[in-house]
Amino acid sequence: MTEDTAPDQPVSPRRRGRPRTAPDQSETRAKLIRAGLAHLTERGYGASGVDEILSTAGVPKGSFYHHFGSKEAFASELITAYDAYFLTVLDRNLDDTRRAPIDRLRAFAKDAEAGMARHGFRRGCLIGNLGQEMPNLPDSFRARLSAVLDGWQDRTEACLAQADVNGDPKALAQLFWTGWEGAVLRARMVQGPEPLHAFTQSYFSLISKT
């Protein structure tokens with residue numbers, strides 16, 4: 001028996017449950033998520049190879065399959081991560097009670113435009129990108145993507161319900177996301193904000209009673 005295991009030193013009980021992820025493993029996973037989001041928002045699922053993502057992340061192939069198992073499982077995790085990020089952007093703007101409800105939605109549009117501008121309008125919305133590829137994607141993605149869009153739409157509807165708008169908030173929220181995703185696609189095509197501006201100008205003119 002050594003000094004390190006002397007009987008007068010209490011031994012911490014072993015905790016049950018799932019073991020903690022080692023810090024280096026957690027950072028590796030985070031690097032893969034960041035690299036995956038960059039590739040899929042710019043190039044899409046089909047054009048993004050695992051080897052390219054690994055090269056960007058700077059991690060070995062074994063780490064990828066240790067954390068995710070398959071490209072499909074990886075993309076599923078990317079959907080979760082992107083939704084969590086996007087909800088912070090939405091909530092930051094739509095929950096800002098210092099502004100009138102419609103102005104909160106305007107602020108979100110400007111915030112999202114700024115995010116696209118930071119990457120030269122080369123990156124789009126992950127959910128929209130995957131939706132366009134749906135015929136070539138695993139069918140399991142269909143419900144996931146719909147649920148994410150429904151969540152964004154529900155938050156938008158709640159915001160519009162607080163405003164004096166020209167129409168039904170639920171229908172107007174659906175219209176916003178249908179139009180916004182199309183505008184994001186066009187903004188990537190022209191690599192500029194003009195389609196976003198055209199859509200928001202038309203949309204807010206339509207829903208405003210003044």
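Modeller: A salt bridge is a side-chain nitrogen of Lys or Arg within 4 Å of a carboxyl oxygen of Asp or Glu. Glu42, Arg122 and Arg123 are linked in a network of such bridges, and the count by this rule comes to 12. Mind that this is a predicted model: local features need pLDDT (the predictor's confidence in each residue, from 0 to 100) of at least 70, side-chain atom pairs count only at pLDDT 80 or more, and totals for chains, interfaces and linings use all residues. Residues are numbered from 1 along each chain as its sequence is written, and side-chain values use heavy atoms, with hydrogens and water left out.

Biologist: Fine. What makes Arg34 and Glu27 a salt bridge?

Modeller: Their side chains meet at 3.1 Å, N to O. The cut-off is 4 Å, so the pair qualifies.

Biologist: And why does Arg34 count as partly exposed?

Modeller: Buried means under 20% relative accessible area and exposed over 50%, with partly exposed in between (1.4 Å probe, protein chains only). Arg34 comes out at 48%, so it falls in the middle class. Glu27, at 36%, counts as partly exposed too.

Biologist: How do you know that Glu77 forms a salt bridge with Arg29?

Modeller: The closest N and O atoms are 2.8 Å apart, which the rule accepts. Glu77 lies in helix H4 and Arg29 in helix H1, so this bridge ties together parts 48 residues apart in sequence. Helices here are DSSP runs of H or I with at least four residues (strands are E, at least two), numbered from the N terminus. Glu77 is partly exposed at 30%, and Arg29 is partly exposed at 32%.

Biologist: Why are Asp103 and Arg106 said to be separated by about one helical turn?

Modeller: Because they sit 3 residues apart in helix H5. They also form a salt bridge, with the closest N and O atoms 3.6 Å apart. Asp103 has a relative accessible area of 37% and Arg106 one of 36%, so each lands between the buried and exposed limits.

Biologist: Staying with H5, how do you know that its reach is close to the one expected?

Modeller: The expected span is 1.5 Å times one less than the number of residues. H5 has 18 residues, and its first and last C-alpha are 26 Å apart, close to the expected 26 Å. Just after H5, Gly120 takes a positive phi of about 65°.

Biologist: Which elements do the buried residues of H5 pack against?

Modeller: H4, H7, H8 and H9. The buried residues include Leu105, Phe108, Ala112 and Met116. Phe108 touches Phe86, Val89, Leu90, Asn93, Phe176, Trp177 and Trp180, leaving aside residues up to four places away in sequence; a contact means heavy atoms within 4.5 Å.

Biologist: What makes a set of residues a nonpolar core?

Modeller: The members are buried Ala, Val, Leu, Ile, Met, Phe, Trp, Tyr and Cys residues, joined through side-chain atoms within 4.5 Å. The largest one has 56 residues, and Phe108, Trp152, Trp180 and Tyr203 have the most contacts inside it. H1, H2, H4, H5, H6, H7, H8 and H9 each supply at least two of its residues. The largest share, 10 residues, comes from H4.

Biologist: Now the rings. Why are Tyr45 and Phe141 called edge-to-face?

Modeller: Rings of Phe, Tyr and Trp (its six-membered ring) pair if their centres lie within 6.5 Å; planes under 30 degrees apart count as stacked, over 60 as edge-to-face and the rest as tilted. That gives 22 aromatic pairs. Tyr45 and Phe141 have centres 5.9 Å apart and 85° between the planes, so they are an edge-to-face pair. Tyr45 lies in the loop between H1 and H2 and Phe141 in helix H7, so the pair ties together parts 96 residues apart. Both residues are buried.

Biologist: What makes the pair of Phe108 and Trp180 tilted?

Modeller: Their centres are 5.9 Å apart and their planes meet at 50°, so the pair is neither stacked nor edge-to-face. Phe108 in helix H5 and Trp180 in helix H8 are 72 residues apart. Phe108 is buried at 0%, and Trp180 is buried at 3%. Ring pairs also join both into a cluster with residues including Tyr82, Trp152 and Phe204.

Biologist: Which elements have the lowest and the highest mean pLDDT?

Modeller: H1 has the lowest, 88, and H8 the highest, 98. Over residues 1-19 the pLDDT is below 50, and this stretch has 5 contacts beyond near neighbours in sequence. The chain mean is 89, with 88% of residues at 70 or more.
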